[in-house]
Amino acid sequence: MSKTATDDSPVLSAVAEKDIGSAVAVAGHPIHAMAVHFPIALAVATLGADVFYWWSADPFWLRAGLWAAGFAFWTAVGASAVGTLELLLVPGIRARAASWTHAIAAMMFVSIIGLNWGLRLADPDAVLPLGLALSALGAVFTGLAGWHGGKLILHHGVGIMVSDDE
Ligand code: HEM
């Protein structure tokens with residue numbers, strides 16, 4: 001079998017020995033992984049609503065963007081609270097640099113989508129061009145946060161439950 005970086009480094013093997021099971025899960029399914037789909041989809045929907053408003057000038061898309069941004073923000077706050085619990089409670093998650101990279105990208109995303117929602121509440125006319133620009137930036141950061149979150153599960157095996165069931 002080939003040698004891995006973990007075989008050579010005492011620091012990496014100490015990290016590899018720590019628990020990476022989810023601490024906030026239902027029947028072994030991490031709640032954070034189930035919750036993140038909502039802010040991701042709603043942030044992309046906000047960008048879609050803004051593009052349709054830009055294209056059609058129909059005020060329906062202003063209202064749709066306001067609601068999508070608000071729900072994207074509050075569902076992201078909820079998902080982030082659960083993600084933060086995982087980060088603080090599980091030693092193997094806390095010890096991995098990838099977890100902190102994901103958390104920083106996620107916090108950037110939450111800040112952008114929160115600003116985007118607040119801007120629309122205060123001044124609906126600010127959607128073009130500032131709201132649209134924030135929606136595009138939010139979509140980029142949801143991608144970055146989602147990519148790094150996926151790495152935690154797919155590359156590091158965080159929260160994976162190997163079942164004896166067939
Ligand atoms: C400070 C905030 C956050 C922290 C500390 C955090 C932490 C984590 C952790 C520990 C995991 C591994 C799975 C688990 O143990 O539950 C994870 C997965 C993931 N996170 Fe976050 N997270 C945060 C916010 C977010 C946000 C706002 C998003 C949405 C953009 C997000 C998207 C993801 C995705 C897509 C996964 C992989 C889920 C899957 O593949 O099923 N996270 N996160």
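Which residues does UniProt list for "domain: DUF2231"? The unreviewed entry gives residues 28-160, and the legends below visit parts of this predicted model.

**View 1. The span that UniProt lists as DUF2231, residues 28-160.** Follow the chain through this span and you will find that 83% of it is helix and 2% is strand. Its end C-alpha atoms lie 8 Å apart.

**View 2. The stretches annotated as "transmembrane region" in the unreviewed UniProt entry.** The record places them at residues 36-55, 67-90, 97-115 and 127-147. Two of these stretches can be looked at here. Residues 36-55 are 95% helix and have no strand (0%), with 29 Å between the end C-alpha atoms. For residues 127-147, the helix share is 86% and the strand share is 0%, and the end C-alpha atoms are 27 Å apart.

**View 3. The surroundings of the ligand.** Here you meet the 31 residues that surround the ligand, with Pro30, His32, Gly83, Ala106 and Gly149 the closest. Two or more residues of this shell come from each of helix H3 (31-35), helix H4 (37-56), helix H5 (60-89), helix H7 (97-122) and helix H8 (130-154). Sorted by class, the shell holds 18 nonpolar residues, 12 polar ones and 1 charged residue.

**View 4. Helix H4, from end to end.** H4 is built from 20 residues. From the first C-alpha to the last, H4 reaches 28 Å, close to the 28 Å expected at 1.5 Å a residue. Buried positions in this helix are Pro39, Ile40, Leu42, Ala43, Thr46, Leu47, Ala49, Asp50 and Tyr53. These buried residues of H4 pack against H5, H7 and H8. After the helix comes Ala57, with a positive phi near 60°.

**View 5. The largest nonpolar core, a set of 26 residues.** Look for Ala69, Ala72, Phe73, Ala76, Phe109 and Ile113, the members that touch the most others in this core. H4, H5, H7 and H8 each supply two or more of its residues, and H5 gives the largest share, with 9 residues.

**View 6. Ile113 and its contacts, then a separate core.** Which residues does Ile113 contact, leaving aside its neighbours within four places in sequence? They are Ala43, Ala69, Ala72, Phe73, Ala76 and Gly138. Apart from the largest core lies another one, of 5 residues, including Ile20, Val90, Ile93 and Val158.

Technical notes. Residues are numbered from 1 along each chain as its sequence is written. This is a predicted model: local features need pLDDT of at least 70, side-chain atom pairs count only at pLDDT 80 or more; totals for chains, interfaces and linings use all residues. A residue is near a molecule or strand if its C-beta atom, placed from the backbone, lies within 6 Å of it. Helices (H or I, at least four residues) and strands (E, at least two) are DSSP runs, numbered from the N terminus. Ala, Val, Leu, Ile, Met, Phe, Trp, Tyr, Cys and Pro count as nonpolar, Asp, Glu, Lys and Arg as charged, and the others, Gly among them, as polar. UniProt positions are given in the numbering used here, feature names are shortened, and annotations may be inferred rather than shown by experiment. A nonpolar core is a set of buried Ala, Val, Leu, Ile, Met, Phe, Trp, Tyr and Cys residues joined through C-beta atoms within 7 Å. A residue is buried if 20 or more other C-beta atoms lie within 10 Å of its own, exposed if 12 or fewer, and partly exposed in between; C-beta atoms are placed from the backbone. Two residues are in contact if their C-beta atoms, placed from the backbone, lie within 7 Å. The expected span of a helix is 1.5 Å times one less than its number of residues.
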